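User: I'd like a close look at one part of this predicted model. Let's stick with a single pocket and then see what else is worth a glance.

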Amino acid sequence: MEFLKKSNAVSEQENKNVVDIVSDIIDNIKNNGDKSLKEYEQKFGNSTRVTFKLSDEEIKTQIEKLDEETKALIDQVVTRVKNFAEAQMNSMKPIDQDFGDGIRMGHRIIPIEKVGAYVPGGRYPLLSSGVMVVAPAKVAGAKKIIACSPAAFEGSIHPATVYGLVQSGVDEIYAVGGAQAIASMAYGTETIPEVDIITGPGNKFVAEAKKQVFGKVGIDMLAGPSEVVVLADGNSSPKLCASDLLAQAEHDPNARAILITTSKENAEQTLHEISEQFKAFKQDSPVFESWDKHGEIIIAENEAELIQVSDEIAGEHIHVHCQNYEEIGNQLNNFGSLFLGENSSVVFSDKVSGTNHTLPTNKASRFTGGLWVGTYLKVATFQEISGEGIDLLANHSVQQSNIEGLHGHKMSAFNRL
């Protein structure tokens, strides 16, 4: 394995600073509620809003700023995301059956009641982000869905984000961003209600906040900043490889874009293409810092090493540009979402294809997939024991409790005999 370009690793001190800052934010909001929330919103979001919740009138005003073409685009996103979530929902079935005489067991599929959706919006108004987080929760049957997003558009939330949330079925919208939004949804304030689960992507402060409140509430995963791993060979188009790397790199200065290729020529040409394509970006785009700090180009000795390195990285988006993409895709195990063939752009999933773009980062794809309708569902077991089942299970439990020395367990079972 050879590196044509290597990332500049983030220092441990920088990571520690994020942990400490977020910890203080959570403690202050937990103890002081809206008072601290207003201070953090002014400090980090330059927001001077008097109220955090968007009223019906403010929602209507924001939506009226959109043209019909933009609304139609968002409606298409809502439809496709809902359709995919419904297909996933229909694949999940409850169980209620006998496992021997007098032993009835099963599981129920129960919606999580109160959902807190975090929708990024500080840098770009991403039209699909709110839909991706809220629509599956609505399909799952959540009773209450609230959403928080930064007040980054004229003192409010971008109209397209508001419209997407409304069309997806949100109940309440709050103009609050960052770690302070996560803390508020986890512990509740005088204004923002406490929820049962918090979902949605965000920057390193949002991810750290979700990590720290986990246990008080559920979370989907630690998602963000964005990652893409492009797998290529000598037949892959350097132009397409470069464009797919830069598409994700422009999300955030801390986004990771990585090329793994079995061809040194492809690696060198892709690096040249990146330099050329840079010319089309605005000078204040995060793409420059992201690629400089975190971009990598890795030359693998062979296809087996390419697959091995990809699985070790366990990236959020794995895009297989190789000629035999189907064969390689079948051998990959660690990915948030898999994109097969050079034309299956990650951007399609980011925007409108229907699969969710809230996906695991920082190697979390080793143990979890992305946000889906099942994120908002609990699979809870039940049992009913009667007749011959009582004797079978009670006798076993008495014997096992004797071995374990658990008298209370023994008597609970014995008294059923």
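What volume does the second largest pocket have?

Analyst: The second largest pocket comes out at about 1,000 Å³. Its lining takes in 38 residues, and those closest to the centre are Asn15, Gly224, Pro225, Glu227 and Asn362. Looking at elements, the ones that give two or more residues to this lining are three helices, H1 (12-32), H8 (204-213) and H12 (303-313), plus strands E10 (256-261) and E11 (296-299). As for chemistry, the lining of this pocket splits into 17 nonpolar, ten polar and eleven charged residues.

Now for the rest of the fold, starting with a sheet. Five strands make up an open sheet in the order E6-E5-E4-E7-E8, and the pairing is parallel. Strand E6 (172-175) and strand E8 (218-219) sit at the edges with a single partner strand each, so one side of each has no neighbour in the sheet. Further in, E4 (residues 114-118) pairs with E7 (residues 197-199) over three bridges, again in the parallel sense. Within that pair, Ala117 faces Thr199 of E7.

There's a helix pair to look at as well. The axes of H3 (residues 56-63) and H6 (residues 159-168) come within 8 Å and cross at roughly 115°, and the crossing is left-handed. On the H3 side, Ile59, Gln62 and Ile63 make the contact, meeting Pro159, Val162, Tyr163 and Val166 of H6. That contact counts six nonpolar residues, one polar and no charged, whereas the pocket lining has eleven charged ones.

Methods:
Residues are numbered from 1 along each chain as its sequence is written. This is a predicted model: local features need pLDDT of at least 70, side-chain atom pairs count only at pLDDT 80 or more; totals for chains, interfaces and linings use all residues. Side-chain values use heavy atoms; hydrogens and water are left out. On a 1 Å grid over the protein atoms alone, a cavity is a set of points where a 1.4 Å probe fits but cannot get out, and a pocket is an open set with protein on both sides within 12 Å along at least five of seven lines; lining residues have an atom within 4 Å of a point. Grid points are joined across faces, edges and corners, and a volume is the space filled by probe spheres set on the points. Helices (H or I, at least four residues) and strands (E, at least two) are DSSP runs, numbered from the N terminus. Ala, Val, Leu, Ile, Met, Phe, Trp, Tyr, Cys and Pro count as nonpolar, Asp, Glu, Lys and Arg as charged, and the others, Gly among them, as polar. Two strands pair if DSSP finds at least two bridges between them. Axes are lines fitted to C-alpha atoms, for helices over the stretch in contact, and angles run from 0 to 180 degrees between N-to-C directions. A crossing is left-handed if the near helix is turned anticlockwise from the far one by less than a right angle, and right-handed if clockwise. Contact means heavy atoms within 4.5 Å.
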